Amino acid sequence: MRKNHLKIIALAFALQIVLSVAGVQAIAQTGVAAYPTMAPLDQYLISDEKSEIALARSAAPSSISDGAEVMVLGHEGYTTAVKGTNGFLCLVERSWGQSTDQAEFWNPKMRAPHCFNAQAARSFAPIYLMKTRLVLAGKSKPEIAHAIVTALDKREVPALEPGAMAYMMSKQQYLNDQGKSWHPHAMFFSPGDMTKSWAADVPNSPVMAANDPEERVTILFVLADKWSDGTAASSNMP
């Protein structure tokens, strides 16, 4: 069950996780993917900048996000809407934050607020920002995947820094059509497989792990019992 939970997260930069069993079955039964191509760009945008800033900041408690840099998505890509003071970076990821082999890569409903710490803002967020530029340039999923591999091989993006992590604690997050808002959680990024050293996925461990080979990172998930606004998260969530 714990591994099945991971399959419904949309991430990241995150969130770069294998298709859910239900999603695979749905495609197999209908023979048609729900989101085969990119929708018109305006469907991915949030028209009101203030609303996007608030949504981005909801990724983490206000004690963190109030001092964070905030980026918003426009027709030309992400731009800084609020300058930060504490090294954190908050933004709302869209569906292309996940791996290119995911069925919901083009789902225009997805909104995944992230608040990255300084290490992740410097060394992990650049991959997502690069993918965004490729998406806005009209590149296909194979072209995007190839560009990411090339950038990593040539070290055109920064190496992942130790201690890189992000908060995803927004009650308003929409991670995918099956997981919806899932759980509030924090993510820790590692260039190697830290599953064993963190004892992730063992019985009763609060830590789960998922590997994203496309971005060459292992993501460790630690669930929280509250949303960023301090309200309790339901224990009955999937």
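**Close-up views of the predicted model**

**Figure 1. Strands S1 and S2 pair in the antiparallel sense through five bridges.** The model shown here and in the following views is predicted. S1 covers residues 69-74 and S2 covers residues 77-82. The connection between S1 and S2 is a hairpin of two residues. Gly-74 has Gly-77 in S2 as its bridge partner.

**Figure 2. Overview of the protein chain.** The chain has 238 residues, of which 51% are buried. Its secondary structure consists of seven helices and eight strands. Among contacts with a separation of 6 or more, 67% involve residues 24 or more positions apart. The accessible surface amounts to about 11000 Å², and carbon and sulfur atoms contribute 56% of this area.

**Figure 3. Helix H3 and the strands that cover its buried residues.** Helix H3 spans residues 49-57, and its residues Glu-52, Ile-53, Leu-55 and Ala-56 are buried. These four lie on the same side of H3, because the arc that they cover around the axis is only 165°. In general, an α-helix has 3.6 residues a turn, so residues three or four places apart point the same way. The cover over the buried residues of H3 includes the hairpin strands S1 and S2. Strand S3 (89-93) and strand S4 (112-116) also belong to this cover.

**Figure 4. The disulfide between Cys-90 and Cys-115.** A search of the whole structure returns one disulfide. Its two sulfur atoms, from Cys-90 and Cys-115, are 2.1 Å apart. Because Cys-90 belongs to strand S3 and Cys-115 to strand S4, the pair ties together parts that are 25 residues apart in sequence. The disulfide is left-handed, because the torsion about the S-S bond is about -50°. Both Cys-90 and Cys-115 are buried.

**Figure 5. The nonpolar cores.** The largest nonpolar core contains 43 residues. Within this core, the residues with the most contacts are Leu-91, Trp-96, Trp-106, Phe-116 and Phe-189. Helix H6, residues 125-136, gives the most to this core, with seven residues. A second, separate core has 14 residues, including Ile-46, Ala-56, Ala-68 and Cys-115. Two residues of the second core also appear in earlier views: Ala-56 is one of the buried residues of H3, and Cys-115 takes part in the disulfide. In soluble globular proteins, nonpolar side chains tend to be buried together.

**Figure 6. Strand S8 and its pairing with S6.** Strand S8 runs from residue 217 to residue 223 and is mostly covered, with five of its seven residues buried. Strand S6, residues 185-190, pairs with S8 in the antiparallel sense over six bridges. In this pairing, Ser-190 stands opposite Thr-218 in S8. Phe-189, which lies within the residue range of S6, is among the residues with the most contacts inside the largest nonpolar core.

**Figure 7. The hairpin of strands S7 and S8.** Strand S7, residues 207-212, runs antiparallel to S8 and is joined to it by six bridges. Val-207 stands opposite Val-222 in S8. Four residues lie between S7 and S8 in this hairpin. Arg-216, in the turn, has a positive phi of about 55°. In a regular strand the side chains alternate between the two faces of the sheet.

Note on methods:
Residues are numbered from 1 along each chain as its sequence is written. This is a predicted model: local features need pLDDT of at least 70, side-chain atom pairs count only at pLDDT 80 or more; totals for chains, interfaces and linings use all residues. Side-chain values use heavy atoms; hydrogens and water are left out. Buried means under 20% relative accessible area, exposed over 50%, partly exposed in between (1.4 Å probe, protein chains only). Contact means heavy atoms within 4.5 Å. Accessible areas come from the Shrake-Rupley method with a 1.4 Å probe; for residues, only the protein chains shown count as cover. Two strands pair if DSSP finds at least two bridges between them. The arc is that of the directions from the helix axis to the C-beta atoms. A nonpolar core is a set of buried Ala, Val, Leu, Ile, Met, Phe, Trp, Tyr and Cys residues joined through side-chain atoms within 4.5 Å. A disulfide is a pair of cysteine sulfur atoms within 2.5 Å.
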